[in-house]
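Colleague: Before I use this model, I should like to hear the reasoning behind its labels. May we go through them in turn?

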Amino acid sequence: MTEIRLHNTRTRKKEVFAPIDPDNVRMYVCGPTVYDRAHLGNARPVVVFDVLYRLLRHVYGPEHVTYVRNFTDVDDKINARATESGRPIAEITAETTQWFLDDMAALGALEPDEMPRATQYIPQMVAMIEKLIADGHAYEAEGHVLFAVDSYKDYGALSGRTVDDMIAGARVEVAPYKRNPMDFVLWKPSTDDLPGWDSPWGRGRPGWHIECSAMSYELLGASFDIHGGGNDLMFPHHENEIAQSCCAHPEGGFANVWLHNEMLQVEGKKMSKSLGNFFTVHDLLEQGVPGEVIRFVFLSTHYRKPMDWTEKKRQEAEATLRKWRSMTDGLYGGDVSAGVLSALADDLNTPGAVAELHRLAAVGDRITLKASAALLGLLTGELGGWEIDQGPEIDEQSKKLIIDRLLKRREARISKDFALADAIRDELEGVGVKVLDTADQNIAWEYSDDFDPAKLEALK
Ligand code: AMP
Ligand code: ZN
């Protein structure tokens, strides 16, 4: 079996991944708050953890992996959106949830096995909070319930900070009813105009963090394998999830491996509304950028590095995928290349895997290219947005002749026999095959309108 190694935020090391139960490998990823279209940054964790999901399914078998990603459908940002727009909350969250699913499907992301919504798990959250109070980890104050961080000695261990550091560095909401300024809200009171549920502490609603603890416990148990999200969630969200879950369920260890993706930037700058470089996945799809192109650009940067979205990368990705799609059109079967698999198994080295795809394309191993790309969720056929000009109907024999010639040309270029390389190019151009040069010695061509397979075959 392929050995997978993952960088664990908790230990700050790359570790061999050993699932608790190889028959049911369990992963939880924090999902979106549903009040608006997903921006491009929100799509990064979706694509990163989709690749991990595909890898786990490949290694352990599709029926032996459970992937849970939640929808946060109770949140003050949602309430604010409802007030501004005069629309009911349920309508906003239902619409936004569907937008998210549509946009992520266009990026080739598989749907997780479970997609729980916070509002469906209120009783479980209340039960967990009651247990935390009973065990001395939480207290009620002025209609709020707060988690007492002093009751959990490992608070801050994930991000490697002490409580004092956190108080100094964080924007802590100081409230007179908090025993320690770092104590965070598990439950808060709701006024009549806000969503609320009856509870032992009056009508109210949950704080943000408790939902992931309650839903992961319900769906994956007190111990599971992988927990993921963007690195902006490490503190406070993930610290708080750990504190809640480990204190309410000391019999379990919560998540063994923590994975965090770095943030997305646009043309070297943080994506923000004020800089005018803010856009949604839907905006790009509407502009005709195929979802697969977005996915490819994401995969070309390792998930633990900041990822820069640029127009240049978009264009290059589109050109590459066009080439690969026309090379692999109509091919089925084949095996995932060992190089792609070992790159992915090495802490999701997607740029390494993409480099291997380029190599497969360059040597003309089209069938392995297609099979390996599928493990990355690429060249899979049904991705949205492509209007590929496949050119004239090309038979396999022609493609093979062209690839053979281009491989010879590539060899010639590598050994600096430019006269031969140019001669091969001119010959191909004479029969309507336009040779494209790529920086990485990849093989690429386009059919001109006057492409003539008979003339191609007649070439010696
Ligand atoms: P939110 O809806 O803000 O809670 O974010 C949903 C997910 O998107 C979380 O996993 C965030 O870490 C992630 N996310 C938000 N902004 C970015 C960004 N610029 N780059 C990468 N991931 C992001
Ligand atoms: Zn979460």
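Modeller: The discussion below concerns a predicted model and takes up the ligand, the cysteines and two strand residues.

Colleague: Which residues come nearest to ligand 1?

Modeller: Gly41, Asn42, Gly230, Asp232 and Leu264 come nearest, out of 14 residues around ligand 1. Helix H1, residues 40–60, gives the most to this shell, with four residues. By class, the shell holds five nonpolar, six polar and three charged residues.

Colleague: What makes the approach of Asp232 to ligand 1 a polar contact?

Modeller: A polar side-chain atom of Asp232 lies 2.3 Å from an oxygen atom of ligand 1. The cut-off for a pair of N or O atoms is 3.5 Å, so this pair qualifies as a polar contact.

Colleague: How do you know that the backbone of Thr33 and of Gly230 should be listed as well?

Modeller: For Thr33, a backbone N or O atom is 3.4 Å from an oxygen atom of the ligand. For Gly230, a polar backbone atom is 3.3 Å from an oxygen atom of ligand 1. Both distances lie within 3.5 Å, and therefore both pairs count as polar contacts. As for cover, the protein hides 83% of the 490 Å² of accessible area that ligand 1 has on its own.

Colleague: Why is Cys30 called buried?

Modeller: Its relative accessibility is 10%. Buried means under 20%, so Cys30 receives that label. Cys212, at 2%, is buried because the same limit applies.

Colleague: How many disulfides are there?

Modeller: The count is zero. A disulfide would require a pair of cysteine sulfur atoms within 2.5 Å.

Colleague: Why is Asn261 called buried?

Modeller: Asn261, in strand E10 (residues 254–261), has a relative accessible area of 1%. That value is under 20%, so the residue is classed as buried. Beyond its neighbours within four places in sequence, Asn261 is in contact with Arg44, Pro45, Val48, Phe49, Gly229, Gly230, Asn231 and Tyr303.

Colleague: What makes Val266 buried?

Modeller: Val266 belongs to strand E11, residues 264–266. Its relative accessibility is 6%, which falls under the 20% limit, so Val266 counts as buried. With neighbours within four places in sequence left aside, its contacts are Met271, Asn277, Phe279, Asp308 and Trp309.

Colleague: How many Å separate the C-alpha atoms of Val266 and Lys400?

Modeller: They are separated by 40 Å, the two residues being 134 residues apart along the chain.

Methods:
Residues numbered from 1 in each chain as written. Chains lettered and ligands numbered in written order. Predicted model: local features only at pLDDT ≥ 70, side-chain atom pairs only at ≥ 80, totals over all residues. Heavy atoms only, no water. Near = heavy atom within 4 Å. Polar contact = N/O pair within 3.5 Å; in protein donor to acceptor, adjacent residues only side chain to side chain. Areas by Shrake-Rupley, 256 points an atom, 1.4 Å probe, with all protein chains shown as cover. Helix = DSSP H or I, 4+ residues; strand = E, 2+ residues; numbered from the N terminus. Nonpolar A, V, L, I, M, F, W, Y, C, P; charged D, E, K, R; others polar. Buried < 20%, exposed > 50% of the residue type's maximum accessible area, 1.4 Å probe, protein only. Contact = heavy atoms within 4.5 Å.
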